[in-house]
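Here are a few exercises to work through with the model open beside you. Try each task on your own before reading the solution.

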Amino acid sequence: SMKRYALLDDYMPLGTQMDAGSSKRLAAMLGISLQEYWALVLEDIARHNHNTVALEGIDRFTAEEWRDLLSLAEQYSIRFFAIHKLPFGSPQNYRQEFIETHIKPYASSPSILAWSLYDEPPEKGFPDLLDVRSLVEEADPNHPMAVVTRYPNAFSLFAKHFPVCGMTHYTSHVPWQVADTVKAHLAQSAGQQFWLVAPAFIYATDTPEWHTCPEMRLMMNLAFANGIRGWYAYAFHNDPIWIRGSCQRSLTGPFLTFSDLWAELSQRVEFYHALAPLFLRTHPEPLVEEGFVTHSVAHANSQLPKGIAPTSLFRLCDQEFELYCVVSNDTREMTTVHFDISSKLLKDTSAYDLTDFTRNRRWEDVPEKRHLEMFPGQQHVILLAKPTVAAHWRQIIAERLMQTDRRRLSFDLPLARAYSINTSKIEKMVAEAEKFKDAKALETM
């Protein structure tokens with residue numbers, strides 16, 4: 001039987017991917033220490049609301065450098081999905097020694113999320129994977145072994161045997177395919193979490209083409225609406241193409257700058273961090289006939305493939321509540337949407353727009369009939385629950401929104417003070433907010 005991990009019930013990774021070797025080369029190129037480089041990186045990742053880094057090439061670090069990095073990440077509440085490369089077909093004693101050296105010492109680390117021993121393993125590596133999984137479970141009972149693949153055949157073989165499985169989706173300008181990709185592969189998974197890795201890079205060959213912000217937004221919204229429980233954008237940084245790099249573009253490039261997609265992902269991740277406990281408890285279910293109905297009208301200049309409706313509606317269920325996700329499929333124009341919630345569906349329950357709540361911090365009932373103008377790739381998540389259940393989740397979402405606000409202030413206030421800016425009024429308001437509960441504190445923040 002597959003081991004169950006408490007960590008996966010409570011933690012939803014919202015991350016980006018990095019390379020240990022690249023970090024050492026880029027630190028040297030910038031003329032700063034490795035510790036200074038990673039302090040800048042982790043602050044930038046935390047500022048952009050991400051909580052996880054998928055890190056390749058950990059063998060490029062010394063044991064001391066890796067320990068120092070884990071200690072530093074703890075200060076930013078960031079965890080690592082640590083990707084090692086154990087040779088296929090290695091002898092049993094070598095595997096045992098490898099795990100004793102690279103995994104067991106970090107079994108209690110709060111900066112580890114999961115382990116990978118083989119990067120994008122092929123089907124022929126299945127026996128090795130099963131053997132190593134048991135060794136990892138014995139060495140580290142707190143952090144799971146995860147398997148992320150690029151090819152469907154390998155995924156279908158591995159998915160029923162690991163607590164975390166994931167797929168990469170590196171295709172350009174077809175964000176609508178994400179829904180089918182997630183549906184098909186989630187159905188094969190027997191683990192606790194299914195992850196998706198999305199493209200935010202360009203190879204030296206000019207592929208894949210850089211996604212627009214609406215396309216990235218739509219990919220992410222469709223992925224979560226169909227049941228994923230973890231997201232990574234590949235990649236955060238890259239070696240310069242003129243030196244030895246394989247990529248000519250990434251989220252922050254070689255010099256820790258910025259990009260349109262990095263700014264977009266910050267907003268999306270802030271939303272999903274606030275709602276993470278709800279998404280971790282739900283699973284996809286078919287729509288209820290004549291329960292929640294949407295009618296949408298495409299703009300004359302809409303960018304939609306043939307056969308794709310202007311909006312899609314998805315249903316995620318828990319024993320105590322349901323989430324209805326209305327997603328605009330248009331990546332160019334606004335979409336007009338009307339939705340009707342049947343009185344039968346609202347019997348003993350109320351509806352609340354969680355997208356509006358995270359944006360304007362106001363908690364209001366959603367009427368049975370509603371008209372929306374949705375921007376490209378946007379999603380509205382509607383919570384249906386009994387008022388007492390809804391109040392419970394409102395409190396949790398509010399606390400997570402305030403947690404994000406406090407983290408942002410923890411970076412901004414010291415910076416303001418360094419420039420002799422008087423922050424006493426802000427500090428007083430934050431102190432006042434701590435005295436209140438729920439909505440009033442959220443409004444103050």
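**Exercise 1.** Which salt bridge do the side chains of Glu 100 and Lys 104 meet in, and what is its N to O distance?

*Solution.* Keep in mind that you're looking at a predicted model. Start with the distance: the side chains of Glu 100 and Lys 104 come to 3.8 Å, N to O. A salt bridge needs a side-chain nitrogen of Lys or Arg within 4 Å of a carboxyl oxygen of Asp or Glu, so this pair makes the cut. Next, check the surroundings. Glu 100 is partly exposed, with a relative accessible area of 36%, and Lys 104 is partly exposed too, at 43%. As for the total, the structure holds 25 salt bridges.

**Exercise 2.** Work out which parts of the chain are tied together by the salt bridge between Glu 120 and Arg 150.

*Solution.* First, the pair itself: the closest N and O atoms of Glu 120 and Arg 150 are 3.4 Å apart. Now place each partner. Glu 120 sits in the loop between strand 4 (112-116) and helix 6 (126-139). Arg 150 sits in the loop between strand 5 (146-149) and helix 7 (152-158). The pair therefore links parts that are 30 residues apart in sequence. Both ends count as partly exposed, Glu 120 at 29% and Arg 150 at 32%.

**Exercise 3.** Take the salt bridge between Glu 270 and Arg 408. Is Glu 270 buried or exposed, and which network does the pair belong to?

*Solution.* Begin with the gap: 3.5 Å separates the closest N and O atoms of Glu 270 and Arg 408. Glu 270 belongs to helix 10 (residues 260-281) and Arg 408 to helix 12 (residues 387-418), so this bridge ties together parts 138 residues apart in sequence. Then compare accessibility with the cut-off: buried means under 20%. Glu 270, at 19%, is therefore buried, while Arg 408, at 30%, is partly exposed. Last step: salt bridges with shared partners join Glu 270, Arg 361, Asp 405 and Arg 408 into one network.

**Exercise 4.** Describe the largest pocket: its volume, its lining and the element that gives the most to that lining.

*Solution.* Its space comes to about 540 Å³. There are 29 lining residues, and the closest to the centre are Gln 17, Met 18, Asp 19, Glu 56 and Tyr 234. Several elements supply at least two lining residues each, among them helix 2 (20-30) and strand 9 (230-234). Strand 1 gives the most, with three residues. Sort the lining by class and you get 13 nonpolar, eight polar and eight charged residues.

**Exercise 5.** Now do the second largest pocket. Which element gives the largest share of its lining?

*Solution.* This pocket holds about 420 Å³ of space. Of its 19 lining residues, Asn 51, Ser 77, His 273, Gln 403 and Arg 407 lie nearest the centre. Helix 4 (63-75), helix 10 and helix 12 are the elements giving two or more residues. The largest share, six residues, comes from helix 12. By class, that lining has seven nonpolar, seven polar and five charged residues.

**Exercise 6.** Which residues is Val 293 in contact with, leaving aside neighbours within four places in sequence?

*Solution.* Find Val 293 in strand 12 (residues 292-297). With those neighbours set aside, its contacts are His 338, Phe 339 and Asp 340. Val 293 counts as partly exposed, at 31% relative accessibility. To finish, look across to Trp 195: the C-alpha atoms of Val 293 and Trp 195 are separated by 29 Å.

Notes: Residues are numbered from 1 along each chain as its sequence is written. This is a predicted model: local features need pLDDT of at least 70, side-chain atom pairs count only at pLDDT 80 or more; totals for chains, interfaces and linings use all residues. Side-chain values use heavy atoms; hydrogens and water are left out. Buried means under 20% relative accessible area, exposed over 50%, partly exposed in between (1.4 Å probe, protein chains only). Helices (H or I, at least four residues) and strands (E, at least two) are DSSP runs, numbered from the N terminus. On a 1 Å grid over the protein atoms alone, a cavity is a set of points where a 1.4 Å probe fits but cannot get out, and a pocket is an open set with protein on both sides within 12 Å along at least five of seven lines; lining residues have an atom within 4 Å of a point. Grid points are joined across faces, edges and corners, and a volume is the space filled by probe spheres set on the points. Ala, Val, Leu, Ile, Met, Phe, Trp, Tyr, Cys and Pro count as nonpolar, Asp, Glu, Lys and Arg as charged, and the others, Gly among them, as polar. Contact means heavy atoms within 4.5 Å.
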